[in-house]
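I opened my notebook to look through this structure one topic at a time. Here are my entries, in the order I ended up liking best.

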Amino acid sequence: IIGNSARCVYMATGGCGGGGYNTSLYNCIVSNNYARYRGAAVHNVTTSRELECCNCLIVDNRSGVTEAVGYDYGMILEGRSGNSRSANPPKFYNCTIVGNWTGKYAAIDDVELINCIVWGNTAPGGEFYNNGTVQKPDYCVVCDHTCQKDLTPGTDDQNLNCNPKLTADYRPGYPVKNKGLYYPWMDDEDDARSKDLAGGPRLLGTAPDLGCYEPPVPGLMLLLR
């Protein structure tokens, strides 16, 4: 999902969801999308059905807002905020959210992040909007200096505060290997979520890696002649 835009001038009701709007995404690359307002990458605010994004790479999306008033959250990922806030927000499983940019306010609001990597996003208001009612993500690597208090290491939700050592193609390094939360669908070959973004098994070690890729564990190869 690349190179789309949402540009409605009336920002209170439009200009949202440059990449995805009220949809579930599986094994997708969401890149270089633009929204004049919220949800440059994904804007999932409907309460009519469950929404989730699994094994997605969300990179280089951009919100052009520099003058919006009245709202200050979710410029890259936006969930069910304000009056539509739900006890069951949109969920992001094993997503890598990296290198996104917004000119104003916070990048992510009211989505539940599970087994995710959040790294190097630029947002003057911080990566996460925190107004006292923000959903607390589980198993999410948060490594920027914009980390909020609910995402600090040592909490019950096993968040990490470390450099995920991403490669040039966004594959994770050793700090996030086997650090994820296990779900039964990871072992179900008939479930699309059981494959990582490259089509490999979602579970290779004792627990899933964080992010959209599950790199194989390096080993020693012996050739017998």
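**Entry 1: Leu77 and the core**

I started with Leu77, which touches Ala41, Val42, Ile58, Phe92, Ile97, Ala107, Ile108 and Asp109 once residues up to four places away in sequence are set aside. A reminder to myself: this is a predicted model.

Next I looked up the largest nonpolar core, and it has 23 residues. Leu77 is listed among those with the most contacts inside it, along with Ile58, Phe92, Ile97, Ile108 and Leu113. I also asked which element gives the largest share of this core. That is E15, with three residues.

**Entry 2: The whole chain**

I then stepped back to the overall picture. I counted zero helices and 16 strands in the protein. Of its 225 residues, 52% are buried.

How much surface does the protein expose? I noted about 10300 Å², with carbon and sulfur atoms supplying 51% of it. For contacts between residues at least 6 apart in sequence, I found that 57% join residues at least 24 apart.

**Entry 3: Salt bridges**

Side chains of opposite charge can pair when their charged atoms come close. I found seven salt bridges in the structure, and I wrote up three of them.

The first on my list is Arg193 with Glu52, whose closest N and O atoms are 3.6 Å apart. This pair links distant parts of the chain: Glu52 sits in strand E7 (residues 52–54), while Arg193 is in the segment after strand E16 (138–142), 141 residues apart. Are these two partners buried or exposed? Arg193 is buried at a relative accessible area of 16%, and Glu52 is buried at 16% as well. I also noted that Glu52, Asp191 and Arg193 are linked in a network of salt bridges.

My second pair is Lys91 and Glu112, with 3.8 Å between the closest N and O atoms. Lys91 lies in strand E11 (residues 91–93) and Glu112 in strand E15 (residues 112–119), so this salt bridge ties together parts that are 21 residues apart in sequence. Lys91 counts as buried at 16% relative accessibility, and Glu112 is buried with 15%. I was pleased to meet E15 again here, as it gives three residues to the largest nonpolar core.

The third pair is Lys177 with Asp209, and here the closest N and O atoms are 3.0 Å apart. Both Lys177 and Asp209 are in the segment after E16, 32 residues apart. I have Asp209 down as buried, at 1% relative accessibility.

**Entry 4: Cysteines**

How many disulfides does the structure hold? My search of the whole structure found zero. I wanted to know why, and the sulfur distances helped.

For Cys53, the closest cysteine sulfur is in Cys56, and at 5.3 Å it is too far for a bond. For Cys56, the closest cysteine sulfur is in Cys95, at 4.6 Å, and that is also too far for a bond. The cut-off I needed for this step is 2.5 Å between the two sulfur atoms. Cys53 is buried with a relative accessible area of 1%, and Cys56 is buried with 1% too.

**Entry 5: Positive phi**

I checked the backbone for positive phi values in residues other than glycine. Asn27 is one of them, with a phi of about 50°. I placed Asn27 in the loop between strand E3 (25–26) and strand E4 (29–31). Asn27 is partly exposed, at a relative accessible area of 25%.

Tyr170 also has a positive phi, near 70°. Where is Tyr170 found? I located Tyr170 in the segment after E16, and I have it as partly exposed at 24% relative accessibility.

**Entry 6: His43**

My last lookup was His43, which I found in strand E6 (residues 42–43). His43 counts as buried, with 3% relative accessibility. What does His43 contact, leaving aside neighbours within four places in sequence? My list reads Cys16, Gly17, Gly20, Tyr21, Asn22, Arg38 and Glu78.

Note on methods:
Residues numbered from 1 in each chain as written. Predicted model: local features only at pLDDT ≥ 70, side-chain atom pairs only at ≥ 80, totals over all residues. Heavy atoms only, no water. Helix = DSSP H or I, 4+ residues; strand = E, 2+ residues; numbered from the N terminus. Buried < 20%, exposed > 50% of the residue type's maximum accessible area, 1.4 Å probe, protein only. Contact = heavy atoms within 4.5 Å. Areas by Shrake-Rupley, 256 points an atom, 1.4 Å probe, with all protein chains shown as cover. Salt bridge = Lys/Arg side-chain N within 4 Å of Asp/Glu carboxyl O. Core = buried A, V, L, I, M, F, W, Y, C linked by side-chain atoms within 4.5 Å.
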